[in-house]
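Student: I would like to go through this structure with you. Could you take my questions one at a time?
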Amino acid sequence: MKARSLILFLATAMAGPALAGQLPDTEMMSLSGEAVRFPAAFRGDPTLVILAFGHDQREEAGRVMVLLEKAQEANSALSWYELPIVEAPSFSHFFIRNAMRLGTSEPLHAHIVPQFVIQDEWRKSSAVTAREPLLAKVDERGRILKSLPLSAIRNLSDVTRF
């Protein structure tokens, strides 16, 4: 059973689970309080986007955010966002956003844009089937050009080569 799971994981990782996907057209608020409309925010060069699907993926997403911030220091043209895909009742959005704000350094707040959605509907509209957190390269129309599980990103060169 473990071998089958490993083969399935490797096949998913190598195939790029979101290659055919497209991020839905949405407008949400970043943790800094700015309204961000996707895909309009994906201007020019492809934008790197972290897609995280649960609170348990927060640490891994945070690790990659630090690498993206370093990559952006070296290349100011680099654009990136983290889109936590959060399914929660609307009354809890305020509390979740505040918890995210408190758990993240302020310079990163403009990059983090929580997507409060029904995850199954979001997955259908985006064609993203992965359950593990991903780094996706997205064009100006929101099309996912390629993706990589965050677990495959070990250091800054993994981000810059992506």
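Student: Is Glu60 buried, exposed or partly exposed?

Tutor: The model is a predicted one. In it, Glu60 is partly exposed, because its relative accessible area is 25%, which lies between the 20% and 50% cut-offs.

Student: Which residue forms a salt bridge with Glu60?

Tutor: Arg63 does, with the closest N and O atoms 3.9 Å apart. Arg63 is itself partly exposed, at 31% relative accessible area. The two residues are about one helical turn from each other, because they sit three residues apart in helix 2.

Student: How many salt bridges are found in the whole structure?

Tutor: The search finds six. Another one joins the side chains of Arg161 and Asp158, at 2.5 Å from N to O. Both residues belong to helix 5 (residues 156–161). Arg161 counts as exposed at 61% relative accessibility, whereas Asp158 counts as buried at 16%.

Student: Which residues do shared partners join into one network?

Tutor: Asp25, Glu27 and Arg37 are joined in that way.

Student: Now the interior. Which element gives the most to the largest nonpolar core?

Tutor: Helix 2 does, with six residues. The core has 22 residues, and Ile50 is one of those that touch the most other members. Beyond its neighbours within four places in sequence, Ile50 contacts residues including Ala61, Val64, Leu68 and Leu135.

Student: And Thr47, buried or exposed?

Tutor: Thr47, in strand 3, counts as buried because its relative accessibility is 0%. Its contacts beyond four places in sequence include Phe42, Trp80 and Val138.

Definitions and conventions. Residues are numbered from 1 along each chain as its sequence is written. This is a predicted model: local features need pLDDT of at least 70, side-chain atom pairs count only at pLDDT 80 or more; totals for chains, interfaces and linings use all residues. Side-chain values use heavy atoms; hydrogens and water are left out. A nonpolar core is a set of buried Ala, Val, Leu, Ile, Met, Phe, Trp, Tyr and Cys residues joined through side-chain atoms within 4.5 Å. Buried means under 20% relative accessible area, exposed over 50%, partly exposed in between (1.4 Å probe, protein chains only). Helices (H or I, at least four residues) and strands (E, at least two) are DSSP runs, numbered from the N terminus. Contact means heavy atoms within 4.5 Å. A salt bridge is a side-chain nitrogen of Lys or Arg within 4 Å of a carboxyl oxygen of Asp or Glu.
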